[in-house]
Amino acid sequence: MNKVDATWYKIKFIRRKGKIRKIITYTDQSVIEKHTRIKEFLEERLIFSKFTKAYVKNSSIFNNAKAHMYNDIFIKLDIKDFFISINHKILLDLLFSQLNVNPDQTKVSKMEISRLISICSIEKKGLPLGLITSPILSNIYLKEFDNILYGKLKKMNFKNIIYTRYADDITISFKSEDTNEFIQGLKVEILNLVEVLLKRYKLKLNRDKISLINLNISNHVRITGVSVTKDSNNYRRISIGRKRINKLYHDALNLFIKIKVRNMSLDNHDFLKIRQIKGMESFIFSIEKNGYDTIYSEKMKLRINELGFESLSQLIKNLPEKNF
């Protein structure tokens with residue numbers, strides 16, 4: 001299996017945040033197994049950047065936000081079209097150097113790595129969204145970038161500088177009580193540094209997704225979907241946010257009503273949605289240690305009671321599951 005066969009995959013397009021994304025899904029079980037073996041091989045042979053919080057074991061958007069929660073100034077950046085912009089020649093060189101660091105392990109040739117990249121791609125540039133191997137290869141692609149950027153940020157003598165990357169989302173934070181004008185100047189310095197460094201990897205910043213939040217002025221910052229808030233005593237806490245908790249409520253109720261009230265049968269998409277709902281609730285509980293029901297209005301709570309449950313969590317437990 002050295003060349004990509006068009007029958008291995010199915011392409012679909014989804015709209016997310018106003019943008020059309022091309023997602024690749026598998027049609028061939030043998031390709032899934034092949035990609036799984038490649039992923040396991042890479043995980044066994046490589047050490048990943050300590051700055052990346054996505055696609056690594058025991059890490060999540062919660063860990064990403066938590067790393068920054070006691071700082072004051074937050075600069076949030078986004079790499080433009082990250083996955084589809086990854087350069088295969090650069091990826092090959094990076095893989096070759098990282099896979100052959102340990103002299104006690106069998107050497108991997110550039111020809112073998114080239115075949116690996118070919119098997120994990122569908123075009124001559126970029127990594128397809130949806131394939132098992134794309135996340136791990138994207139982390140390899142930016143490991144060197146992560147280390148160099150953090151080293152340069154450290155030399156700028158910020159107080160408590162923290163840098164993390166969650167896929168294409170970059171967060172840089174530090175402590176400061178300087179004027180907003182001075183901090184804006186620091187932001188420009190950091191932007192220039194990141195842009196110059198990204199050019200080495202044929203990548204660009206998304207200029208429409210640059211933000212600076214000063215917790216000396218504000219009381220809230222959102223980092224990769226998780227909120228860090230502070231009160232008048234500067235006590236910090238992490239929250240999943242009202243919007244996501246409300247979405248859990250509406251998604252769960254809509255499915256329950258479809259099953260129990262309207263007596264409608266469920267298709268595979270519905271069962272997948274139920275798994276996502278239960279997974280999201282588990283994730284919310286991992287952050288909202290005191291539960292999430294307090295966010296709901298009395299009217300929302302009454303609707304849950306009318307359906308025969310004391311809480312949304314109890315309703316979610318009663319949603320049926322199917323093994324795929």
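**Entry 1: helix 9 and helix 10**

I started with two helices in this predicted model. Helix 9 covers residues 242-261 and helix 10 covers residues 268-287. I looked up how their axes run: they come within 10 Å and cross at roughly 145°. The handedness of this crossing is left-handed.

Next I asked myself: which residues of helix 9 and helix 10 make the contact? From helix 9 I noted Arg244, Ile245, Lys247, Leu248, Asp251, Ala252, Leu255 and Lys258. From helix 10 I noted Asp270, Lys273, Ile274, Ile277, Met280, Glu281, Phe283 and Ile284. Sorted by class, the contact has 9 nonpolar and 7 charged residues, with no polar ones.

**Entry 2: aromatic rings**

I then searched the whole structure for aromatic pairs, and 13 turned up. I picked Tyr249 and Tyr296 to look at. Are their planes stacked, edge-to-face or tilted? The ring centres are 5.0 Å apart and the planes stand at 50°, so I wrote the pair down as tilted. As a reminder to myself, a pair of aromatic rings is described by the distance of the centres and the angle of the planes.

Where do the two tyrosines sit in the chain? Tyr249 belongs to helix 9, while Tyr296 lies in the loop between helix 10 and helix 11 (298-306). They are 47 residues apart, and the pair links distant parts of the chain. I also checked whether they are buried or exposed. Both Tyr249 and Tyr296 are buried.

These two rings have company, too: Tyr249, Phe285, Tyr292 and Tyr296 form one aromatic cluster.

**Entry 3: a charge over a ring**

Which ring does the charged end of Lys110 sit over? I found that ring on Phe96, with the charged end of Lys110 5.3 Å from the ring centre.

**Entry 4: positive phi values**

My last search was for backbone angles. Phi of Asp81 is near 45°, a positive value in a residue other than glycine. I located Asp81 in the loop between strand 3 (73-78) and helix 3 (82-85). Its relative accessibility is 29%, so I list Asp81 as partly exposed.

Asn160 went into my notes as well, with a positive phi of about 55°, although this residue is not a glycine. I found Asn160 in strand 4, which spans residues 159-166. How does Asn160 count at 39% relative accessibility? Buried means under 20% and exposed means over 50%, so at 39% Asn160 counts as partly exposed.

Notes:
Residues numbered from 1 in each chain as written. Predicted model: local features only at pLDDT ≥ 70, side-chain atom pairs only at ≥ 80, totals over all residues. Heavy atoms only, no water. Axes fitted to C-alpha atoms, helices over the stretch in contact; angles between N-to-C directions. Helix = DSSP H or I, 4+ residues; strand = E, 2+ residues; numbered from the N terminus. Left-handed = near helix turned anticlockwise from the far one by under 90°. Contact = heavy atoms within 4.5 Å. Nonpolar A, V, L, I, M, F, W, Y, C, P; charged D, E, K, R; others polar. Phe/Tyr/Trp six-rings, centres within 6.5 Å; stacked < 30°, edge-to-face > 60°. Buried < 20%, exposed > 50% of the residue type's maximum accessible area, 1.4 Å probe, protein only. Lys NZ or Arg CZ within 6 Å of the ring centre and 35° of its normal.
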